[in-house]
Amino acid sequence: MPTEIDLKRTVRAVRNRIEGGLDGPDISQPGEMTPYIQMIDGALLPGGFTLFCPGCAERVSLPTAGPGPHWAATGDLDAGTLTLTPSIWHSNGCGWHGYLTNGVFSPV
Ligand SMILES: [Zn+2]
């Protein structure tokens, strides 16, 4: 069943229940995340997160490393302390815009 779009949804960031984040948005819940690694300067390093949008549960990529624009990450997903800056905006999707601060997605 598709997730109802809610641009004012506040939800805790939790690890996606299926490792690798390969399940679709119809069964993944808003706010679920999966860390991914990528090759950076010849080394496999934490590259970012796959996020199921807090507003609509569509899959979006949040790079936290690499040569391009990316988010700064502090804290830990599983400890419920993950913070990403700057804000997250699903601009090519539902339009949810907000912050992940200390493990909680909150709309602006
Ligand atoms: Zn969305």
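What geometry do the four donor atoms give the site of the zinc ion? The site is tetrahedral, with angles of 100 to 120° among the four donors. The legends below describe close-up views of a predicted model.

**View 1. The zinc ion is held by three cysteines and a histidine, namely Cys53, Cys56, His90 and Cys94.** The donor atoms are SG of Cys53, SG of Cys56, ND1 of His90 and SG of Cys94, and they lie at 2.0 to 2.4 Å. Along the sequence, the donor residues follow the spacing C-x2-C-x33-H-x3-C. Cysteine 53 and cysteine 56 are both buried. For cysteine 53 the relative accessible area is 2%. Cysteine 94 also counts as buried, because its relative accessibility of 17% falls under the limit of 20%. A search for disulfides across the whole structure finds zero.

**View 2. Tryptophan 96 and phenylalanine 105 form an aromatic pair.** The structure holds one such pair. Its arrangement is edge-to-face, with 6.1 Å from centre to centre and 80° between the planes. Are these two residues buried or exposed? Tryptophan 96 is buried at 1% relative accessibility, and phenylalanine 105 is buried with a relative accessible area of 0%.

**View 3. Valine 108 lies in the segment after strand S9, which spans 104-107.** This valine is exposed, because its relative accessible area of 53% is over the 50% limit. Which residues does valine 108 touch, leaving aside neighbours within four places in sequence? Its contacts are Lys8, His97, Gly98 and Tyr99. Tryptophan 96, a member of the aromatic pair in View 2, is 12 residues from valine 108 along the chain. The C-alpha atoms of valine 108 and tryptophan 96 are 8.8 Å apart.

**View 4. An open sheet is built from four strands in the order S2-S3-S4-S5.** The pairing in this sheet is mixed. S2 and strand S5 (59-63) are the edge strands, each pairing on one side only. Strand S2 (residues 14-15) runs parallel to strand S3 (residues 32-40), and two bridges join them. Within this pair, arginine 15 stands opposite methionine 33 in S3. The other neighbour of methionine 33 is leucine 51 in S4, which stands opposite it.

**View 5. S3 and S4 form a hairpin with two residues between them.** Strand S4 covers residues 43-52, runs antiparallel to S3 and is joined to S3 by eight bridges. In the turn, aspartate 41 has a positive phi of about 50°. Isoleucine 40 has alanine 43 of S4 as its bridge partner. Elsewhere along this strand pair, proline 35 is bridged to phenylalanine 49 in S4.

**View 6. S4 and S5 form a hairpin with six residues between them.** The two strands pair in the antiparallel sense over five bridges. Phenylalanine 49 stands opposite leucine 62 in S5. Phenylalanine 49 is also the bridge partner of proline 35. Alanine 57, in the turn between S4 and S5, has a positive phi of about 70°.

**View 7. Glutamate 32 is found in strand S3.** How accessible is glutamate 32? It counts as buried, because its relative accessibility of 4% is under 20%. Not counting residues up to four places away in sequence, glutamate 32 touches Val14, Asn16, Arg17, Thr50, Leu51 and Phe52. One of these contacts, Leu51, is the residue that stands opposite methionine 33.

**View 8. A second open sheet contains five strands in the order S1-S9-S8-S7-S6.** Its pairing is antiparallel. Why do S1 and S6 count as edges? Strand S1 (11-12) and strand S6 (72-74) each have a single partner strand, so one side of each is left without a neighbour in the sheet. Strand S8 (residues 97-101) and S9 pair in the antiparallel sense over four bridges. In this pairing, threonine 101 stands opposite valine 104 in S9.

Note on methods: Residues numbered from 1 in each chain as written. Predicted model: local features only at pLDDT ≥ 70, side-chain atom pairs only at ≥ 80, totals over all residues. Heavy atoms only, no water. Disulfide = S-S within 2.5 Å. Buried < 20%, exposed > 50% of the residue type's maximum accessible area, 1.4 Å probe, protein only. Phe/Tyr/Trp six-rings, centres within 6.5 Å; stacked < 30°, edge-to-face > 60°. Donors = N, O, S within 2.8 Å, 3.2 Å for Na, K, Ca; no water. Tetrahedral: all angles 85-135°; square planar, octahedral: opposite > 155°, others 65-115°. Contact = heavy atoms within 4.5 Å. Pairing = 2+ DSSP bridges.
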